[in-house]
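Open the model in your viewer and keep the selection tool at hand. The stops below say what to select and what is there.

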Amino acid sequence: NADRRDSRPFAPLPMELERRKEAWDFARELRALRESTARGRTEELQALRRNNEEVERCVLRRQMDESAALQDFLGGLHEEMGRSLERLNTECARRWTSLEERVAKTEE
């Protein structure tokens with residue numbers, strides 16, 4: 001083998017050229033790794049953005065639902081308080097009238 005290498009001039013043999021073509025190319029493999037990593041990171045970022053957008057939509061929906069429920073509750077509370085105050089007003093007016101009648105009877 002040593003004699004063979006020495007006997008060759010500077011041009012490589014055709015078999016050796018073919019083997020070099022098939023040989024592992026560090027730069028090519030490094031580029032492929034870098035591109036694959038970049039694609040993976042890009043996909044992860046896109047997934048995170050989609051997840052963030054979905055979370056924001058869920059939060060907004062929940063806030064809208066809570067706001068609507070609060071509005072319904074406050075509306076019902078307002079109506080019930082209005083009815084209670086009306087009943088109280090009616091009762092107070094009836095008692096006031098009754099009290100005035102008693103005072104008028106005692107003055108006579």
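The tour goes from the whole chain to a surface patch and then to the salt bridges.

**Whole chain**

Start with everything selected, and keep in mind that this is a predicted model. How many helices and how many strands are in the chain? There are 3 helices and 0 strands. Colour by secondary structure and read along the sequence: the pattern is α-α-α.

Now switch on the surface. The accessible surface of the chain comes to about 10600 Å², and carbon and sulfur atoms account for 56% of that surface. Of the 108 residues in the chain, buried residues make up 1%.

**The nonpolar patch**

Select L70, F73, L74, L77 and M81 together. These residues make a nonpolar surface patch of about 480 Å². Then select L70 alone; it sits in helix α3, which covers residues 26-107. Is L70 buried, exposed or partly exposed? Its relative accessible area is 46%, and partly exposed is the class between 20% and 50%, so L70 counts as partly exposed.

**R28 and E29**

Move on to R28 and E29 and show their side chains. The two form a salt bridge, with the closest N and O atoms 3.2 Å apart. E29 has 30% relative accessibility and counts as partly exposed. R28 is also partly exposed, with a relative accessible area of 38%.

**R62 and E66**

Next, select R62 and E66. Where do these two residues lie? Both are in helix α3, 4 residues apart, which is about one turn of the helix. Their side chains meet in a salt bridge, at 3.4 Å from N to O. R62 is partly exposed, at 43% relative accessible area, and E66 is partly exposed as well, at 47%.

**E80 and R87**

Select E80 and R87. A salt bridge links them, and the closest N and O atoms are 3.7 Å apart. E80 has a relative accessible area of 36% and is partly exposed.

**A network**

For the last selection, take E54, R57 and R61. Which residues do salt bridges with shared partners join into one network? E54, R57 and R61 are joined in this way. To close, return to the whole chain: the count of salt bridges comes to 8, including the one between R28 and E29, the one between R62 and E66 and the one between E80 and R87.

Notes: Residues are numbered from 1 along each chain as its sequence is written. This is a predicted model: local features need pLDDT of at least 70, side-chain atom pairs count only at pLDDT 80 or more; totals for chains, interfaces and linings use all residues. Side-chain values use heavy atoms; hydrogens and water are left out. Patches are made of residues with over 30% relative accessible area and no salt bridge: like charges are joined within 9 Å, nonpolar side chains (Val, Leu, Ile, Met, Phe, Trp, Tyr) within 5 Å. Accessible areas come from the Shrake-Rupley method with a 1.4 Å probe; for residues, only the protein chains shown count as cover. A salt bridge is a side-chain nitrogen of Lys or Arg within 4 Å of a carboxyl oxygen of Asp or Glu. Buried means under 20% relative accessible area, exposed over 50%, partly exposed in between (1.4 Å probe, protein chains only).
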